[in-house]
Amino acid sequence: MKNIAIYSRKSKVTETGDSINNQINLCKSFAEFRFSEEDIQFNLYCDEGFSGGNIERPMFAKLLNDIENQIIDVLICYRLDRISRNVADFSAVLRKMEKHNVIFISVSENFDTNSAMGRAMIYISSVFAQLERDTISERISDNLFELAKSGQRRYLNGTAPEGFKKIRKKNNENKYFSYLETDESETFKIELIFNKYLELKTLGKVADFCEMNNLKTRRSSIFSKDSIRRILTNPIYSVADLNIYNYYKNKNAFFANGKKLFDGNNGLYAFGRYSKKTTGFENWIIGVGHHKGIISSDTFIKVQDLIIKKARKSK
């Protein structure tokens, strides 16, 4: 009896493209042809709605566990990138399969680790899969950067920060765009964290205060020092007024909107803070969002000055 594992993955839960069922059927047909003279037992492992950027997937974890327990003889997938688009992750998985004598077959590329040439081609293809992923990521980042510079006041940074809700809406061209809306039930946490930092003056003490008072994130996690620092340094919480405009103007930031919009009625957004292309404030894009600011610009600037002062003192 040959135990054959079929692994299928799809980044989004949709009915289009190479669906989970299509991948499974193609792999089964290939296995029945390739091992036609042997008894076959299929084991299915399916992850739908998971990216190939890493291997943190529930059914893939179960597959790796079954490989270590020597339950699997052959692993078949539709394409190499169903396993991973990351070269390091893919190499680690391949070494694990080699260690436990598991044959790996990719149907689409027709690669088989039973031969030296097959193993070499699999490694080469995994390099190109990551190159494609990185190229797409850079292209998306460049497009977002240009959108931010255009001053369209969209929210472009992914998941909504603590204290906000992300709203999707259609524009006049019938295309969706995202903007933030203040979550009134969460804003008190943000105000408390900013005020407590000015009072206690260390991230650790603020984190301890939050834990002692059972103050948690909207996902019911504790506020760690890192999560508190991310909140305190995010301009999105500041009111967009002339005070904050002058603050970032003095730091040579790029402004997506004119000075008139900094009238105190809305909050800020800042794009490019974590981009590989940015090395200082001169590469930040500061704009006025649709959302209301939670923290006064005066308080926000005091917090930034204190963080910078403590960082210099630490060094």
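Trainee: Why is D298 called partly exposed?
Mentor: D298 has a relative accessible area of 41%. Buried needs under 20% and exposed needs over 50%. The value for D298 falls in between, so D298 is partly exposed. Bear in mind that this is a predicted model.

Trainee: What does the side chain of D298 meet in a salt bridge?
Mentor: The partner is K302, at 3.4 Å from N to O. The cut-off is 4 Å, so the pair qualifies as a salt bridge.

Trainee: Where do D298 and K302 lie?
Mentor: Both sit in helix α9, residues 297-314. They are four residues apart, about one turn of the helix.

Trainee: Is K302 buried, exposed or partly exposed, and what makes it so?
Mentor: K302 has a relative accessible area of 45%. That is neither under 20% nor over 50%, so K302 is partly exposed.

Trainee: How many salt bridges does the count come to?
Mentor: Seven. Another of them joins E199 and K196, at 3.1 Å from N to O. With a limit of 4 Å, this pair therefore counts as well.

Trainee: What makes the side chains of K196 and E199 a polar contact too?
Mentor: Their polar contact is 3.1 Å. The limit there is 3.5 Å, so the distance fits that rule also.

Trainee: What separates E199 and K196 along helix α5?
Mentor: About one helical turn, because they are three residues apart in helix α5. That helix covers residues 187-200.

Trainee: Are E199 and K196 buried or exposed, and how do you know?
Mentor: Take each in turn. E199 has a relative accessible area of 51%, and the line for exposed is over 50%, so E199 is exposed. K196 has 15%, and buried means under 20%, so K196 is buried.

Trainee: What is K196 in contact with, leaving aside its neighbours within four places in sequence?
Mentor: K201, V206 and F209.

Trainee: How does confidence in α5 rank among the elements of the chain? What is its mean pLDDT?
Mentor: Helix α5 has the highest mean pLDDT of the elements, 95. Helix α4, residues 116-149, has the lowest, 54. Over residues 147-151 pLDDT stays under 50. For that stretch the model has 14 contacts beyond four places in sequence. For the chain, the mean is 81, and 77% of residues reach 70 or more.

Trainee: Which side chains meet in a salt bridge at 3.7 Å?
Mentor: Those of E38 and K2. This pair links distant parts of the chain, 36 residues apart. E38 is in the loop between α1 and β2, and K2 is in strand β1.

Trainee: What makes E38 and K2 count as they do for accessibility?
Mentor: E38 is at 40%, between 20% and 50%, so E38 counts as partly exposed. K2 is at 17%, under the 20% line, so K2 counts as buried.

Trainee: Where is the place of N21, and is N21 buried or exposed?
Mentor: N21 is in helix α1, residues 20-34. Its relative accessible area is 51%, over the 50% line, so N21 is exposed. N21 and C46 are 25 residues apart in sequence and 9.4 Å apart in space, C-alpha to C-alpha.

Trainee: How many aromatic pairs does the count come to?
Mentor: Nine. One of them is Y7 and F60, with centres 5.1 Å apart and 70 degrees between the planes. The centre limit is 6.5 Å and edge-to-face starts over 60 degrees, so this pair is edge-to-face.

Trainee: What does the pair of Y7 and F60 tie together?
Mentor: Y7 lies in strand β1 and F60 in helix α2, so the pair ties together parts 53 residues apart in sequence. Y7 is at 0% relative accessibility, under 20%, so Y7 is buried. F60 is also at 0%, so F60 is buried by that cut-off.

Trainee: Why is the pair of Y248 and W284 called tilted?
Mentor: The ring centres are 6.0 Å apart and the planes lie at 35 degrees. Stacked needs under 30 degrees and edge-to-face over 60, so the pair is tilted. Y248 is in helix α8, and W284 is in the loop between β9 and β10. Both residues are buried.

Trainee: Which residues do ring pairs link into a cluster?
Mentor: F164, F194, Y237 and F300.

Key. Residues numbered from 1 in each chain as written. Predicted model: local features only at pLDDT ≥ 70, side-chain atom pairs only at ≥ 80, totals over all residues. Heavy atoms only, no water. Helix = DSSP H or I, 4+ residues; strand = E, 2+ residues; numbered from the N terminus. Buried < 20%, exposed > 50% of the residue type's maximum accessible area, 1.4 Å probe, protein only. Polar contact = N/O pair within 3.5 Å; in protein donor to acceptor, adjacent residues only side chain to side chain. Contact = heavy atoms within 4.5 Å. pLDDT = per-residue confidence, 0-100.
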